[in-house]
Amino acid sequence: MSQKIKIILILLVMLLPLAVQAKKSVIVNEQGDTVKYLHPKFNGITIGADLFSPVSNIIGQKYGNYEMSIDAGFYNRFYPIYEFGISYANDTPDGANYTYKVSPSFYNRVGMNYNILYNKDIPGILYVGLRYGFSFAKYQLTDITTSSPYWEVTQTNLSIPQSKSVAHWGELMLGLQVKLYKGLMMGWSVRYKLLFADSSKGDAKQWIIPGYGKSNSPLGFGFTINYRFSANKKTNNYIK
Amino acid sequence: MVRRVISLSKVIILLIPILLLSACGEEYCEEGTSGMPLVGIYALQTPPVEAKIDSLTVYGVDQVNDSILYNNVSRINSFYTPLNISAEEVKYVLLYESRLIGEPYKRDTLTYKYHKKLTFETPECGASYTFIIDEFKYTTHSIAYAELITPEVNSIESQTVKIYYVAED
């Protein structure tokens, strides 16, 4: 069994007690009837923007995913979500003999967040999520320097011509959103990413994948600011 | 109490990404290393077995400073023959330093004719040339037989060429 699958299974097992605990609550409405959900069927629409990548750019990260999201909440439990953004890169790693460039490229993710504490009357959500992402990219390597030390020869300013690639991947995530004021929310998330495939062929393999990040780094982080347009102001139910 | 919990959670929200960001690390190779043909030495018998040469000197023909790559190395069983990124052919002289070997068996020459392409496999190892050997030639003063195992040289770990000698009893 691969290491990645093991990590996913461990994460799922760790989250299971939270989900079980959430199910144990008994909800009673004003008429005294036991109901399944504390929150209404439709919770509203949430629009969000990721701040992690722009902040990372300010402190030195040489690639960026500028991303927005829109989701709809049902029973405060299921949040189908669509994330989309633009990505670019212009990275010359320390000590490396190349510059890796990605032209501004579009990416998409679709998936669902599952609020573990869906029957709690708290100002926020704690969720696990799944995503399927795909992106198209044009990338190239420039400013390449290479040498033959024995033959005492060095070549500079070499490049590998632009390549195109389509990539798709899955993500398992854990996140938190907390209400700050009215519909304004802030949150963070951690993503574990699994690259299914990328179509890069030819002389240069794809390294920085729009929406995914660096292909050799399976973890991703998000720090989001969101605004929820709620459909209902209050719940009429009680938790016992 | 509830307000305190909410305030604490807001602090955690702000701190966690910063902590996670500081934990990010990246490792890179020092520089791109182009593949170098690794030559393995074998005794010509059935089946062939790895062998060692008593004392061997290896140098490239027309190296600008006449630098020696391996200088009278004893009991050597493999050696690298780096290709020149600014040429399409290189020759290496193998000089057998043992006193027991006399002329004309004292030296052999390996010749590579090749073309190359720039490639990028991993960010750690960077961009480097992959060489494709179009023609491999050798002299047979002491070498009994030689073979090109794989024409593509993109690794420094596997043998590109095997050379065979008649083993001494």
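Colleague: What joins strand β3 (residues 42–50) of chain A to β4(A), and in which sense do the two run?

Modeller: Seven bridges join β3(A) to β4(A), and the two strands run antiparallel. Pairing requires at least two bridges, so with seven these strands count as paired. One position that can be located is A:Phe42, whose bridge partner in β4(A) is A:Phe74. Please bear in mind that this is a predicted model.

Colleague: What makes β4(A) and β5(A) a pair, and which residue of β5(A) does A:Ile70 face?

Modeller: Strand β4 (residues 63–74) of chain A is joined to strand β5 (residues 78–91) of chain A by ten bridges, in the antiparallel sense. Against a requirement of at least two bridges, they therefore qualify as paired. A:Ile70 stands opposite A:Tyr82 in β5(A).

Colleague: What makes the strands of chain A a barrel, and in which order do they follow one another?

Modeller: Eight strands of chain A close upon themselves in the order β3-β4-β5-β6-β7-β8-β9-β12, with antiparallel pairing. The closing contact can be checked: β3(A) and β12(A) pair in the antiparallel sense over seven bridges. There, A:Gly48 stands opposite A:Asn226 in β12(A).

Colleague: Why is the sheet in chain B left with unpartnered sides, and which strands are concerned?

Modeller: Six strands of chain B form an open sheet in the order β4-β3-β6-β7-β8-β10, paired antiparallel. Strands β4 and β10 (152–153) of chain B stand at the edges with a single partner strand each, so one side of each has no neighbour in the sheet.

Colleague: How do you know that β10(B) is paired with strand β8 (residues 127–138) of chain B?

Modeller: Two bridges join β8(B) to β10(B), and the strands run antiparallel. The cut-off is at least two bridges, so this pair meets the requirement exactly. In β10(B), B:Val153 is the bridge partner of B:Phe131.

Colleague: Why is A:Glu152 called partly exposed?

Modeller: A:Glu152 has 13 C-beta neighbours inside 10 Å. A residue is exposed at 12 or fewer and buried at 20 or more, so the count of 13 places A:Glu152 in between. A:Glu152 lies in the loop between β7 and β8 of chain A. This residue has a positive phi of about 55° although it is not a glycine.

Colleague: Is B:Arg75 buried or exposed, and why?

Modeller: B:Arg75 has 9 C-beta neighbours inside 10 Å. Since 12 or fewer count as exposed, B:Arg75 is exposed. B:Arg75 is placed in strand β4 (residues 68–76) of chain B, and its phi, near 50°, is positive in a residue other than glycine.

Colleague: What makes the peptide bond between B:Thr46 and B:Pro47 a special case?

Modeller: The bond joining B:Thr46 and B:Pro47 is a cis peptide bond, with omega about -10°. B:Pro47 is found in the loop between β1 (38–43) and β2 (49–50) of chain B.

Colleague: How do you know that chain A touches chain B, and which strand gives the most residues to that side of chain A?

Modeller: 32 residues of chain A are in contact with 34 residues of chain B. On the chain A side, β8(A) gives the most, with six residues. By class, that side has 20 nonpolar, eight polar and four charged residues.

Colleague: Which residues have the most contacts inside the largest nonpolar core?

Modeller: This core has 41 residues, and those with the most contacts inside it are A:Tyr98, A:Tyr100, A:Leu141, A:Ile208 and B:Ala127. The largest share, five residues, comes from strand β7 (residues 107–120) of chain B. Leaving aside neighbours within four places in sequence, the contacts of A:Leu141 include A:Tyr98, A:Ile160, B:Phe120 and B:Ala127.

Colleague: Which elements of chain A have the lowest and the highest mean pLDDT?

Modeller: Chain A averages a pLDDT of 85, and 84% of its residues score at least 70. Among its elements, strand β6 (residues 99–115) of chain A has the highest mean, 95, and strand β13 (residues 237–239) of chain A the lowest, 45. Over residues 236–240 of chain A the pLDDT is below 50, although this stretch has 15 contacts in the model beyond near neighbours in sequence. Where pLDDT is low, the predicted coordinates should not be read in detail.

Notes:
Residues numbered from 1 in each chain as written. Chains lettered and ligands numbered in written order. Predicted model: local features only at pLDDT ≥ 70, side-chain atom pairs only at ≥ 80, totals over all residues. Contact = placed C-beta atoms within 7 Å. Helix = DSSP H or I, 4+ residues; strand = E, 2+ residues; numbered from the N terminus. Nonpolar A, V, L, I, M, F, W, Y, C, P; charged D, E, K, R; others polar. Core = buried A, V, L, I, M, F, W, Y, C linked by C-beta atoms within 7 Å. pLDDT = per-residue confidence, 0-100.
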